[in-house]
Amino acid sequence: MMSAAAAGFEGGTAAQAADSSSAASPAGQDGPIQDAPAQDAPAQDAPAQDASGQDLAEQRLARAIRALGPLQPGVRPAPYDSVRPGSVLSIARCLELFDAQLASRHLDLAARWLRARGAGYYTIGSSGHEGNAAVAAALRLTDPALLHYRSGAFYLVRAGQASPPRDGVTDVLLGLVAAAAEPIAGGRHKVFGHPELHVIPQTSTIASHLPRAVGLAFSLARAAKLGLDTPWPSDALVVCSFGDASANHSTAVGALNTASYCAYQGLPLPLLLVCEDNGIGISVRTPAGWIESASTGRPRMKYFSADGADLADTYDTALAAARWARERRAPAFLHLRTVRLGGHAGTDVESAYRTPAEIAADNARDPLLGTARLLVQAGALSPAEVLDRYEESRARVLALAGEVAGSPRLSTAEQVMAPIAPRRPAIVAANLADRARQARSWPRDLVFGSQLPEDAGPLTLAQAINRTLSDEMAGRPGMIVFGEDVGRKGGVYGVTRGLQRAFGSGRVFDSPLDEQSILGVALGAGLAGLLPVPEIQYLAYLHNAADQIRGEAATLSFFSRAQYRNPLVVRVAGLSYQQGFGGHFHNDNGLAALRDIPGLIVACPARPDDAAGMLRSCLAAAELDGSVSIFLEPIALYHERDLFEPGDGGWLASYEPPERWALTQVPVGRGRLYGSGTDLTIISFGNGLRLSLRAARTLATEGVGCRVLDLRWLAPLPFDDLLRAAAATGRVLIADETRRTGGVSEGVITTLVDAGFTGRVARVASQDSFLPLGDAASTVLMSEAAIEDAARDLLS
Ligand SMILES: Cc1ncc(C[n+]2csc(CCOP(=O)(O)OP(=O)(O)O)c2C)c(N)n1
Ligand SMILES: [Mg+2]
């Protein structure tokens with residue numbers, strides 16, 4: 001614990017009060033959890049101070065507050081009086097919000113104080129943005145909030161709305177020092193979030209939360225339409241704040257477009273977007289008038305604008321905007337004009353890129369000064385009383401800062417990683433068995449008509465996925481399927497054909513052509529308690545929006561101690577071998593960007609029977625454990641029927657009836673073995689499995705006995721099955737249709753080496769190339785002949 005409580009507004013500062021001999025701040029940028037400021041910015045952790053150590057910014061504010069007085073003589077107004085004629089903000093409310101604004105400012109001060117002493121790791125503050133206190137006040141505790149990183153005052157007001165009220169100051173301080181006891185991220189990041197406050201934590205990737213916010217607003221309404229409960233009341237709205245520079249990010253632009261696009265079609269979308277426009281993004285100015293010009297006139301999205309330095313104006317405008325979003329179930333855009341005080345972060349020296357006049361103009365628009373002016377002009381507080389209040393808040397926050405400094409932090413990898421993707425395979429397995437029993441009561445005949453899929457004879461991969469989706473939708477009322485062309489057309493390859501007819505357009509629907517928005521809707525749907533199964537038309541186009549998986553879906557559990565999860569199964573058509581058709585983008589075979597995402601499940605079913613079992617496992621894991629899965633469907637195998645000879649039907653499989661689902665379940669991370677040869681183990685997956693099985697047959701004619709392991713799960717790899725299959729022959733050939741570099745074979749070989757496998761290992765993989773059109777595609781893809789040759793080499 002450190003003591004900072006003796007600091008004073010006028011006579012001393014946190015920096016001054018602190019023991020000057022305590023640990024010096026490490027030079028350079030903030031720690032790894034800190035958003036990096038400009039690389040060349042010199043270190044400056046404490047606020048600017050004069051020779052006596054006093055904080056110049058605080059002194060300036062004190063002088064400006066003193067200059068507001070004196071208080072006009074007369075009767076003091078009643079607490080319920082308006083703080084200003086024409087505003088609905090009462091004096092009592094204004095005082096409450098002022099306290100939150102003050103505490104937020106002092107949290108920024110505390111952040112720098114802690115940082116300067118090596119006790120804190122994060123100094124991006126909310127100074128200048130404290131007007132967002134009034135936005136929180138205009139909303140309900142139960143309106144889910146996805147917040148900008150300058151939302152200190154918003155968070156404190158929200159904390160005060162809980163019953164009993166939470167001590168939001170301590171929450172934030174614990175985040176600053178990365179304490180394991182911090183309530184949302186548990187020391188993994190400094191984020192604003194708390195399930196009881198309905199504040200969903202956000203990552204540092206600016207704007208990446210907007211698609212999810214749109215998706216959540218969409219899903220609240222969609223769940224209501226489907227008659228399903230969500231964690232929020234039926235008249236909740238979603239609030240999402242972000243900065244002015246962030247508004248230019250394609251993720252934000254796409255999300256705003258999707259919100260408008262939905263509203264334009266009359267779809268309910270109760271969303272309040274709050275752009276906290278301080279006119280700058282780190283050092284880059286936003287052109288004057290840009291946010292207003294870019295944000296007015298969006299179809300069916302109403303624009304509101306408020307002066308963030310004027311609490312009454314912000315409160316009145318936020319109320320109007322919230323009313324619009326809540327009552328009309330339509331998106332509202334609140335342009336909150338703010339300033340940024342004290343630079344981007346503690347390490348940022350803004351005088352390097354802003355003129356003194358610009359900085360002075362922002363100081364004059366300090367929202368604390370604005371609220372003080374309101375209160376003094378209303379006769380509610382004298383300047384001296386304002387300063388007293390400031391001092392009290394300061395002393396309290398800094399005393400608490402001293403108390404949290406030195407709080408225990410995460411100290412082992414196990415502790416850090418515990419919430420990445422907690423899994424309960426036994427519970428998932430039991431659930432699959434239960435569901436098989438329940439299936440008897442599902443309206444399967446309504447969905448499948450007179451012929452149940454198990455009675456329809458052998459199916460292709462595409463048909464098996466289609467029938468499984470149908471069965472699962474019949475049994476999971478919250479499951480929704482959506483994406484480009486999945487509705488009326490039934491998908492580019494017919495995999496979702498008939499689903500919209502069977503389950504209605506409320507549960508199976510086409511999306512706008514924007515992968516970020518498709519995944520954003522899925523992320524919001526998962527939060528709302530639905531089970532989203534979006535389709536991405538081709539693997540290359542998942543890469544187009546990968547951050548929604550990598551940065552958003554996969555990290556939510558980590559940054560919320562698994563208090564928020566992302567139940568999600570993303571179906572992706574992908575991989576190659578389409579006989580020269582489609583070129584690179586329809587044959588993309590790059591998986592490296594997925595396989596390294598902690599906690600992500602990557603499933604790659606090659607055969608119809610595997611696909612059914614694997615999809616059921618992914619859905620059950622999503623529903624029960626909040627797992628995030630990529631279900632990668634090999635396009636070239638969708639309609640394949642044969643294995644060895646034309647007409648042999650070797651790639652078809654019958655659909656299992658519900659009573660066999662438990663028996664035939666495919667747990668996450670279990671491979672499938674073909675054959676029992678003792679000369680060579682071929683390890684493969686996807687298209688490679690079919691090529692390997694064919695190659696194994698040829699090799700058998702040469703007297704070579706192979707066993708072939710289908711990995712089925714590319715993340716996590718089926719370690720045990722893999723090692724067992726390798727040990728059985730002592731010779732391993734990996735047949736990998738992904739690229740030599742970053743491909744799956746690298747992971748398999750590493751697994752073998754890590755486990756101490758000492759037998760022979762070789763691999764065939766596709767080239768480090770993009771795929772050309774036409775016959776030339778085969779020159780860079782792994783081939784059946786290459787597998788055979790490599791096997792002969794390995795055994796020779
Ligand atoms: C996608 C992404 N690119 C870059 C960054 C680094 N970065 C952090 S904050 C920031 C500026 C954001 O400015 P603005 O949206 O105006 O918010 P403000 O900090 O001014 O409140 C940048 C570039 C990031 N976090 N995310
Ligand atoms: Mg900005």
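**The surroundings of ligand 1 and the second largest pocket**

By class, the shell around ligand 1 comprises five nonpolar, ten polar and three charged residues. The model in which this shell is seen is a predicted one. In total, 18 residues surround the ligand, and H148, Y149, R150, S204 and S246 are the closest of them.

Backbone atoms of the protein also approach ligand 1. An oxygen atom of the ligand lies 2.8 Å from a backbone N or O atom of A245. For I280, a backbone N or O atom is likewise found 2.8 Å from an oxygen atom of ligand 1. A nitrogen atom of the ligand takes part as well, at 3.2 Å from a polar backbone atom of I206. These three distances fall within the 3.5 Å cut-off for a polar contact between N or O atoms. Ligand 1 taken alone exposes 580 Å², and the protein buries 78% of that area.

The second largest pocket may be considered next. The space in this pocket amounts to about 510 Å³. Its lining is made up of 23 residues, with Y577, Q578, Q579, A636 and R690 lying nearest the centre of the pocket. Two or more lining residues come from each of helix 25 (686-701) and helix 28 (777-780). Helix 25 gives the most to this lining, contributing four residues. In terms of residue class, the lining of the second largest pocket divides into ten nonpolar, eight polar and five charged residues.

Note on methods:
Residues numbered from 1 in each chain as written. Chains lettered and ligands numbered in written order. Predicted model: local features only at pLDDT ≥ 70, side-chain atom pairs only at ≥ 80, totals over all residues. Heavy atoms only, no water. Near = heavy atom within 4 Å. Polar contact = N/O pair within 3.5 Å; in protein donor to acceptor, adjacent residues only side chain to side chain. Areas by Shrake-Rupley, 256 points an atom, 1.4 Å probe, with all protein chains shown as cover. Nonpolar A, V, L, I, M, F, W, Y, C, P; charged D, E, K, R; others polar. 1 Å grid on protein atoms, 1.4 Å probe; cavity = no way out; pocket = protein on both sides within 12 Å on 5 of 7 lines; lining within 4 Å. Points joined across faces, edges and corners; volume = space filled by probe spheres on them.
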